[in-house]
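Here is a short, friendly tour to read alongside the model. Take a moment to look it over first.

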Protein chains: 2
Amino acid sequence: MNNKKTIALLLFDDVEVMDFAGPFEVFSVTNELNQDYLFTLRTVAVTTDPVIARNGLSVNPDVQLDAMPQADIIIIPGGDGTRAVLSQPVVMNWIKQVSTHAEHILSVCSGALLLAGAGLLNDMPATTHHEVFDTLAELSPSTRLIRDQRFVDNGKIVTSAGISAGIDMSLYMVARLYGHDIAQKTARYMEYPYFTETDNSQNEDRFNDNSPLAFM
Amino acid sequence: MNNKKTIALLLFDDVEVMDFAGPFEVFSVTNELNQDYLFTLRTVAVTTDPVIARNGLSVNPDVQLDAMPQADIIIIPGGDGTRAVLSQPVVMNWIKQVSTHAEHILSVCSGALLLAGAGLLNDMPATTHHEVFDTLAELSPSTRLIRDQRFVDNGKIVTSAGISAGIDMSLYMVARLYGHDIAQKTARYMEYPYFTETDNSQNEDRFNDNSPLAFM
């Protein structure tokens, strides 16, 4: 029996590079370090034509959206491209549809705007990149903005803060799904500091201009 | 007059995703946050056919190696693909040639093995991913291995530790070239903890299995 979780990682033009590359690295390396038992990760986009990520990185998606109508875990990265995606029914409808049966929907950075636009963040706490707190509030007025955490876990839906916070959120999800030892092994392999849930909740003043980054 | 520094970021099959995506993010975002004045970054590979990075991420390089015979900054990422690259004369010769006139040669993770193979690390301190310390020592016996720092600066040549350390090294290089304020602005935008040179030199026991990651 194969219990591998399928992951659909959304790509679109002007996606922020580290928003998708961070989670890609965490989940794919975790799978590889654990005998290929845990995840099958696929990049998905409207078509399989090259996606031009921010600043010109050209990436070929694995499958097109309509070929992946369901997945266990959905990852929605951010970037300036989210503005255009918000008015692309084919993507927004895919997000709504695939979210219905997914175990987890994870957003990185301004990817939360797409969840907000899809109505998935109503009446729950969430976070996003610090430059789009206001945009998130406009798209989803009932969402309670969390400005001082790297990621916010609502059970099925987990949102993370800007860019690099997607790495922390991904490691956190690996820990939630398979335990701290598995997550820590990946973090050590990546030579990345491993934030525990406790660390996350202690962060504050993430964007107070007079203080160093408080999550250090 | 255009003083933008050109950056050549090497890609090859089975390159580690975050090894190239981290520096790509740091240098390209730094350029964008500073009125597009600082860097022109190009991904380079043997041909412009898709490169299949680790775990299947497919990336289209911007230019082929022989179309980019020089650059101000060369970035050599790592990954399991470095083993094959070591026996590819077309890449190894490009590294040797382009390094002659470059201002800086930066390696991430096991990318240091390629610098070692090209004879660029003779008689100097260097670091790499913790799993290939021995391989680096075999390839370049006169290199002094630094096991407890995120990156090692030899002036022209800067090597970084595993995977995520490429982000720290890139921010460090931005600071070295354009000052701490520019680097810190990028780090804050990326919501990434900004390591100063002092922090780096204080790290220790990076891979003592009994201690948490000491660079936190």
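A residue is called exposed if 12 or fewer other C-beta atoms lie within 10 Å of its own, buried if 20 or more do, and partly exposed in between. Keep in mind that this is a predicted model.

With that cut-off in hand, let us start with Gln35(A). This residue has 7 other C-beta atoms within 10 Å, so Gln35(A) is exposed. Asp14(A), by comparison, has 17 C-beta neighbours inside 10 Å and therefore counts as partly exposed. Neither name is picked at random: Gln35(A) is not a glycine, yet its phi is positive, and Asp14(A) likewise has a positive phi without being a glycine. The table puts their backbone angles beside their places in the chain.

| Residue | Phi | Location |
|---|---|---|
| Asp14(A) | about 65 degrees | loop between β1 (5-10) and α1 (17-33) of chain A |
| Gln35(A) | near 55 degrees | loop between α1 and β2 (39-45) of chain A |

Stepping back to the whole chain, chain A holds eight helices and eleven strands. Of its 216 residues, 52% are buried. Among the contacts in chain A with a separation of 6 or more, 63% join residues 24 or more positions apart.

What about the interior? The largest nonpolar core has 139 residues, and the members that touch the most others are Leu9(A), Leu11(A), Leu115(A), Leu9(B), Leu11(B) and Leu115(B). To see one of these up close, look at Leu115(B): leaving aside residues up to four places away in sequence, Leu115(B) touches Ile76(B), Ile105(B), Ser107(B), Leu120(B), Leu121(B), Ile157(B) and Thr159(B).

Technical notes:
Residues numbered from 1 in each chain as written. Chains lettered and ligands numbered in written order. Predicted model: local features only at pLDDT ≥ 70, side-chain atom pairs only at ≥ 80, totals over all residues. Helix = DSSP H or I, 4+ residues; strand = E, 2+ residues; numbered from the N terminus. Contact = placed C-beta atoms within 7 Å. Core = buried A, V, L, I, M, F, W, Y, C linked by C-beta atoms within 7 Å.
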